[in-house]
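Visitor: Please take one part of this structure and look at it closely with me, explaining each term as it comes up.

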Amino acid sequence: MHMMHHRQIRYLGLDVHKATIAVAIADESGAPTSYGSIANEPSAIRTLMTRLGGSDVQLHVAYEAGPTGYALHRQLTTMGIDCIVVAPSLIPKRAGDKVKTDRRDALKLARLLRSGDLTPVWVPDQAHEALRSLVRARADAKADQLRAKHRLSKFLLRQACWPPIGVRNWSQRYFSWLRQLEFEHLPDRIVFADYLAEVTAAGERIKRLEAALHQCAQTSSQLALIRALQAFRGIGFLSAVTLVAEAGDLRRFRTAPQFMAYVGLVPSESSSGGKQQRGSITKTGNSLLRHVLGEAAHHVRRAPRVSGALKRRQADVSPEIVALAWRAQLRLHARYRHLSLRLGALKALTAVARELAGFIWAAGQVRLEEPAAA
């Protein structure tokens with residue numbers, strides 16, 4: 001009788017840099033060995049894989065998520081090679097492991113891949129990654145706008161310029177007031193004009209990127225989920241598109257707590273010798289997601305209700321999602337009132353943001369009908 005031939009598995013750890021990749025190999029048994037380094041370019045990678053793999057050798061590859069992105073993952077997957085990308089923050093560390101070199105990093109990855117101790121991150125497809133880039137560009141533009149506004153405010157503060165009583169900062173009336181300001185010294189006039197131009201340009205840049213986001217979301221494969229999430233109070237279009245772009249497919253999280261941990265809203269814990277202490281939230285995970293959920297959490301302070309705007313957002317969303325969103329309002333408002341008395345507003349809002357993440361995870365598990373084309 002013909003025996004099935006066992007394909008040997010070979011584990012590769014890659015430490016990827018802009019120009020080079022350090023390579024380490026771990027076979028099924030024995031210590032991992034260093035292979036040296038190759039150029040970070042598709043032809044060199046292909047040659048390496050062909051040399052190390054083969055008809056009777058199955059390759060498993062791991063590398064760290066980093067600035068070089070997912071091109072390598074896509075190339076290897078296309079070649080039919082099993083490849084995972086791992087989050088640097090999820091790589092187990094050994095006590096006393098202080099020396100960090102490319103060679104050592106590659107060896108460590110190969111060893112941990114073989115022992116099954118690496119947690120893969122989700123790799124978005126190119127369309128999804130493109131949407132995420134646009135979401136992040138808009139977030140960058142918001143951060144730049146805030147810096148530009150601060151510079152201008154600090155300048156006005158030094159000049160002892162105050163807006164008239166009742167004029168809200170950065171409102172239309174505030175900008176009208178700014179435009180009629182005059183300064184005695186030429187350097188001041190130049191600085192003021194420059195700072196004001198920066199603020200104006202930043203505002204226009206955000207408008208441009210947000211219009212592009214609205215347009216790109218219409219063709220996204222995740223459009224149904226972007227619409228569904230807007231059924232929640234405190235989550236408008238920009239929050240919904242950020243949640244979807246940053247979290248990816250919510251069905252990849254098997255449980256709500258996994259999603260909460262991904263966002264970084266779970267309390268840190270240290271338990272030793274039977275003692276258990278819960279500390280502040282871990283904040284590992286995605287800061288943009290945490291920001292969006294934190295903003296939405298503020299809406300639970302007010303009593304549950306469905307405003308006109310929210311009703312319009314819920315118009316073409318499945319009744320199941322609308323019911324879930326209403327349950328979220330009732331539960332989170334009660335939770336906030338209960339916890340803010342005990343823990344204070346700030347901790348209560350964090351707890352509410354965590355629970356909101358759970359409701360959003362639940363919404364992501366609902367089979368969404370694609371809206372019928374008009």
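Guide: Cysteine 161 is buried, because its relative accessible area is 19%, and buried here means under 20%, while exposed means over 50% and partly exposed lies in between, with a 1.4 Å probe and protein chains only. This is a predicted model, in which local features need pLDDT of at least 70 and side-chain atom pairs count only at pLDDT 80 or more, whereas totals for chains, interfaces and linings use all residues. Residues are numbered from 1 along each chain as its sequence is written, and side-chain values use heavy atoms, with hydrogens and water left out. Cysteine 83 also counts as buried, at 9% relative accessibility, and the structure holds zero disulfides, a disulfide being a pair of cysteine sulfur atoms within 2.5 Å.

For the wider setting, 40% of the 374 residues of the protein count as buried, and the secondary structure comes to 13 helices and seven strands. Helices (H or I, at least four residues) and strands (E, at least two) are DSSP runs numbered from the N terminus.

The part to look at closely is helix H8, residues 237-247, which is mostly covered, since 10 of its 11 residues are buried. Among these buried residues are Phe237, Val241, Leu243 and Val244, and the polar or charged names Ser239, Thr242 and Glu246 also belong to the list. They pack against helix H4 (126-158), helix H6 (186-217), helix H7 (223-229), helix H9 (256-263), H10 and helix H13 (345-365), where contact means heavy atoms within 4.5 Å. Just after H8, glycine 248 takes a positive phi of about 70°.

Two of these neighbours of H8, H4 and H13, also take part in salt bridges, of which the structure holds eight. A salt bridge is a side-chain nitrogen of Lys or Arg within 4 Å of a carboxyl oxygen of Asp or Glu. Side chains of opposite charge can pair when their charged atoms come close.

On the H4 side, arginine 74 and glutamate 129 meet through their side chains in a salt bridge of 3.0 Å, N to O. Because arginine 74 lies in helix H2 and glutamate 129 in helix H4, the pair ties together parts that are 55 residues apart in sequence. Glutamate 129 itself counts as partly exposed, at 22% relative accessibility.

On the H13 side, glutamate 355 forms a salt bridge with arginine 331, and the closest N and O atoms are 2.9 Å apart. Since glutamate 355 lies in helix H13 and arginine 331 in helix H12 (residues 319-343), this pair ties together parts that are 24 residues apart in sequence. Glutamate 355 counts as buried at 17% relative accessibility, whereas arginine 331 counts as partly exposed at 42%. Arginine 335 forms a salt bridge with glutamate 355 as well, with the closest N and O atoms 2.6 Å apart. That pair links distant parts of the chain, with arginine 335 in helix H12 and glutamate 355 in helix H13, 20 residues apart. Arginine 335 is partly exposed, at 26% relative accessibility.
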